[in-house]
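Trainee: I would like to go through the labels used for this model and see what each one rests on.

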Amino acid sequence: MKTIKDVFLEFQQGLTGVYDSRETEAITLLVLEEITGMSRAKLKAFPEDEVNGEAIEKISGILEELKTGRPVQYILGSTEFYGLNFLVNPATLIPRPETEELVEWIIESQKLKVKSQKLISILDIGTGSGCIAISLKKNLPDTDVTAIDISADALHTARQNAVINEVKVEFILDDILNTKFEIEYSNFEIIVSNPPYVTLQDKLMMHQNVTGFEPHSALFVPENAPLIFYKAIADYANEHLSPGGILFFEINENFGKETVELLTDKGFINIELRQDMSGRDRMVKAMR
């Protein structure tokens, strides 16, 4: 029989060259938690505990997949985001911790407001797994949330995630670069987007587990038009944000200044650029 300690050792040896030791430890914990049902604290406290044969077989299969660079979240089929569980698959991006910070910022901005009689309406552009839209609806129940995406497969997953997390979000198939959708009210108090923003230059620096497995349409932008989505969404927001409404973006850290300039040129006010926990320019908030 193998112990928990043996599994950690196997993963460390098997994933050298794919992940650094810190990432490998986090992945091993995630896999052991999922397959054995033991808590993280217990796994760390009792490394000599044995793992049963059936679990070991599953874990070995997962390790072989991990060696190819396939992200652990796709192998397990789900991930946690903002305290909620989300299905993920190769049609959706894997939600990132920085995006949780964006969600936190939006929730904070609403909690300070005096409650109005009217439902606040939110639009999430490029929803993917639905993580932003669903987390907002879960934490701000007095809102009306609509989310769009260009991928029918991503929307299928997002709808499942809304059911799992017991919230009502309207999901619509649409392309913001060539938008067709007209919904019953065209004005929103909040528009949020984490659009594609990775340039080919950035791609060279990225891990193969992202570039080889996650959906390219949700990641990459043309080298000569890195802000193509920000421009389209800012134009859309100028038409569809209520006066005083707020636009939130997750951004490419290399284009913080340019994104702020773009929004200034388009007449937005009270523009705020915020850094993520790693100190990178990551989020922008602007008011119409």
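**Reasons behind the labels**

Mentor: This is a predicted model. In it, E166 is exposed, with a relative accessible area of 68%.

Trainee: Why is E166 called exposed?

Mentor: Exposed means over 50% relative accessible area. E166 has 68%, so the label applies. E166 sits in the loop between α8 (152–164) and β7 (170–173).

Trainee: What is notable about the phi of E166?

Mentor: Phi of E166 is positive, about 55°, although E166 is not a glycine.

Trainee: How do you know whether N270 is buried or exposed?

Mentor: The relative accessibility of N270 is 55%. The cut-off for exposed is over 50%, so N270 counts as exposed. N270 also has a positive phi, near 50°, and is a residue other than glycine. Its place is in strand β10 (residues 269–275).

Trainee: Why are α1 and α2 called oblique to each other?

Mentor: The axes of helix α1 (residues 4–14) and helix α2 (residues 21–36) cross at roughly 135° and come within 9 Å. Roughly perpendicular covers 65 to 115 degrees, and roughly antiparallel needs over 145. The angle of roughly 135° fits neither, so α1 and α2 are oblique. The crossing of α1 past α2 is right-handed.

Trainee: Which residues make the contact?

Mentor: On α1 they are I4, V7, F8, F11 and Q12. On α2 they are S21, T24, E25, T28, L29, V31 and L32.

Trainee: What makes up this contact of α1 with α2 by class?

Mentor: It has 7 nonpolar, 4 polar and 1 charged residues.

Key. Residues are numbered from 1 along each chain as its sequence is written. This is a predicted model: local features need pLDDT of at least 70, side-chain atom pairs count only at pLDDT 80 or more; totals for chains, interfaces and linings use all residues. Side-chain values use heavy atoms; hydrogens and water are left out. Axes are lines fitted to C-alpha atoms, for helices over the stretch in contact, and angles run from 0 to 180 degrees between N-to-C directions. Helices (H or I, at least four residues) and strands (E, at least two) are DSSP runs, numbered from the N terminus. Angles under 35 degrees count as roughly parallel, over 145 as roughly antiparallel, 65 to 115 as roughly perpendicular and the rest as oblique. A crossing is left-handed if the near helix is turned anticlockwise from the far one by less than a right angle, and right-handed if clockwise. Contact means heavy atoms within 4.5 Å. Ala, Val, Leu, Ile, Met, Phe, Trp, Tyr, Cys and Pro count as nonpolar, Asp, Glu, Lys and Arg as charged, and the others, Gly among them, as polar. Buried means under 20% relative accessible area, exposed over 50%, partly exposed in between (1.4 Å probe, protein chains only).
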